[in-house]
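Colleague: I would like to learn how to read a model like this one, feature by feature. Where should we begin?

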Amino acid sequence: MIVSRKISVQAATALLAAFAAVVLLAAVPSPAAAISWSLPATDLSDGPANGASSAQVAVGSDGATTVVWTRSNGVTSIVQASTRPAGSGTFGGAVDLSAPGQNAASPQVAVAVDGATTVVWYRSNGVNTIVQASTRPAGSVTFGGAENLSAAGQNAASPQVAVAVDGAATVVWQRAGPTYSRIQESTSGATMYSLTLTKSGAGSGSVSSIPTGIDCGLVCSYSFSLSTSVTLTASPAAGSSFTGWSGSGCSGTSTCTVTMLGARVVDAKFTKKPSNLFTIKSVKPGVKALTSTVVLPGSGALTQIVTRSVTKKSKTVKITVCKTSKKAIKAGTIKLSCKLSSATRAALRKRSLRVSVKTTFTPTGGLPASKTKTMTLKRKR
């Protein structure tokens, strides 16, 4: 028995809404694990007697963290900073960046790729406010003295600082004028680091760079901007081989790429190839064999192949007369005996034969060299 029942528009709408809520709930991802904060919180500004405010924080690419703020010393406000080194769980003590005697405010901080940290703020000089900056160079733990960026005579305030990938820090601020305010800026120069190329080994060769700068050969040291990626290419000279890089993370025999986050020193090693210069003192034909006397510069493989040319069906082809090989374990004189083929000995009973004697020496770890001598084998009666 089938029962038919009508559903009101309101009921249908409610059902659809409930279904949509279920679908939406199913689509919502489960919450991630809660972040674990270091609690209880620790004080960065020193002493509870005087107030601190206007905190700013910046983190370097290596994880080093610098916090700046203003704090009253009981008479005036001064800018202070504290740094947690990379890999440490503890901030260092607060250090004063602005001088006491007049109020300083609105500190801002930025960190370059190499860790150089710049802090800016504005401070009263007793008549008006001026923008000041202090920088902690890369690799240092100490900030430099405050420098005046804005000129005295009119109030300057609201400084902001940013650092480019080449390490150049730009500071902007608002400065009052006789009739209107203006925005001013000051930019530090790009940070430069030297890349020094050394060459080692008994061999020789050159090294060049992209971007240009290293051409060693002649120029083996050059300064590049912070964060520049420099690719080095080694080219061995004739008789040498390039056997590898070392220093500043470079290895292997392909190109070497160095990122300039500080001064870098890279070594290119060139090895002299073993000599393949040999001397053939004599090649003497016998009744059954050719005997060669060869002087070698070192260890390696010595081979000899003797061929003669014959004409078959209007085509000239080479026939092997004999071949032999020998290993040399050191420099010195070595003798090769190349036994003539039976076909060659048979041919020599009818006529003399013109042959080509090719001798090849391949030094251990080096390149082969060959010498070819043409001679006549006399008819054997």
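Modeller: With exposure: a residue counts as exposed when its relative accessible area is over 50%, and as buried when that area is under 20%. Keep in mind that this is a predicted model.

Colleague: Is leucine 39 buried or exposed?

Modeller: Leucine 39 has 71% relative accessibility, so it counts as exposed. Its place is in the loop between helix H1 (9-27) and strand E1 (52-59). Leu39 also joins Ile35 and Trp37 in a nonpolar surface patch of about 460 Å².

Colleague: Which class does asparagine 128 fall into?

Modeller: Asparagine 128 is buried, because its relative accessible area is 8% and the cut-off for buried is under 20%. Asparagine 128 lies in the loop between E6 and E7. Leaving aside neighbours within four places in sequence, asparagine 128 is in contact with Arg123, Ala152, Gly153, Gln154 and Asn155.

Colleague: What about threonine 196, at 24% relative accessibility?

Modeller: Threonine 196 counts as partly exposed, the class between the two cut-offs. Threonine 196 is placed in strand E12 (residues 192-200). Not counting residues up to four places away in sequence, threonine 196 touches Cys220, Ser221, Arg264, Val265 and Val266.

Colleague: How far is threonine 196 from alanine 346 in space?

Modeller: The C-alpha to C-alpha distance between threonine 196 and alanine 346 is 69 Å, and they are 150 residues apart in sequence.

Colleague: Now the strands. How do I read their pairing?

Modeller: The general idea is that strands of a sheet pair through backbone hydrogen bonds, either parallel or antiparallel. In this structure, E1 and E2 pair in the antiparallel sense over six bridges. One place to look is valine 59, which stands opposite threonine 65 in E2.

Colleague: What links E1 and E2?

Modeller: E1 and E2 form a hairpin with five residues between them, and glycine 63 in the turn has a positive phi of about 100 degrees. E2 is also joined to strand E3 (residues 77-84) by eight bridges, and these strands run antiparallel. Threonine 70 stands opposite valine 79 in E3. The hairpin of E2 and E3 has four residues between the strands, and glycine 74 takes a positive phi near 100 degrees there.

Colleague: How many residues of strand E2 are buried?

Modeller: Seven of the eight residues of strand E2 (residues 65-72) are buried, so the strand is mostly covered by the under 20% cut-off.

Colleague: In what order do the strands of the open sheet with E5 come?

Modeller: The order is E5-E6-E7-E8, with antiparallel pairing. Strand E5 (104-111) and strand E8 (147-148) stand at the edges, each with a single partner strand, which means one side of each is left without a neighbour in the sheet. Within this sheet, strand E6 (residues 117-124) and strand E7 (residues 129-136) pair over eight bridges. The bridge partner of valine 119 in E7 is serine 134.

Colleague: Which strands are at the edges of the open sheet E23-E22-E25-E26?

Modeller: This sheet is made of four strands with antiparallel pairing. Its edge strands are strand E23 (315-328) and strand E26 (369-377), and each pairs on one side only. The twist averages 20 degrees from one strand to the next. Strand E22 (residues 300-312) is joined to E23 by 13 bridges. There, lysine 312 has lysine 315 in E23 as its bridge partner.

Note on methods. Residues numbered from 1 in each chain as written. Predicted model: local features only at pLDDT ≥ 70, side-chain atom pairs only at ≥ 80, totals over all residues. Heavy atoms only, no water. Patch = residues over 30% accessible without salt bridge, like charges linked within 9 Å, V, L, I, M, F, W, Y side chains within 5 Å. Areas by Shrake-Rupley, 256 points an atom, 1.4 Å probe, with all protein chains shown as cover. Salt bridge = Lys/Arg side-chain N within 4 Å of Asp/Glu carboxyl O. Helix = DSSP H or I, 4+ residues; strand = E, 2+ residues; numbered from the N terminus. Buried < 20%, exposed > 50% of the residue type's maximum accessible area, 1.4 Å probe, protein only. Pairing = 2+ DSSP bridges. Axes fitted to C-alpha atoms, helices over the stretch in contact; angles between N-to-C directions. Contact = heavy atoms within 4.5 Å.
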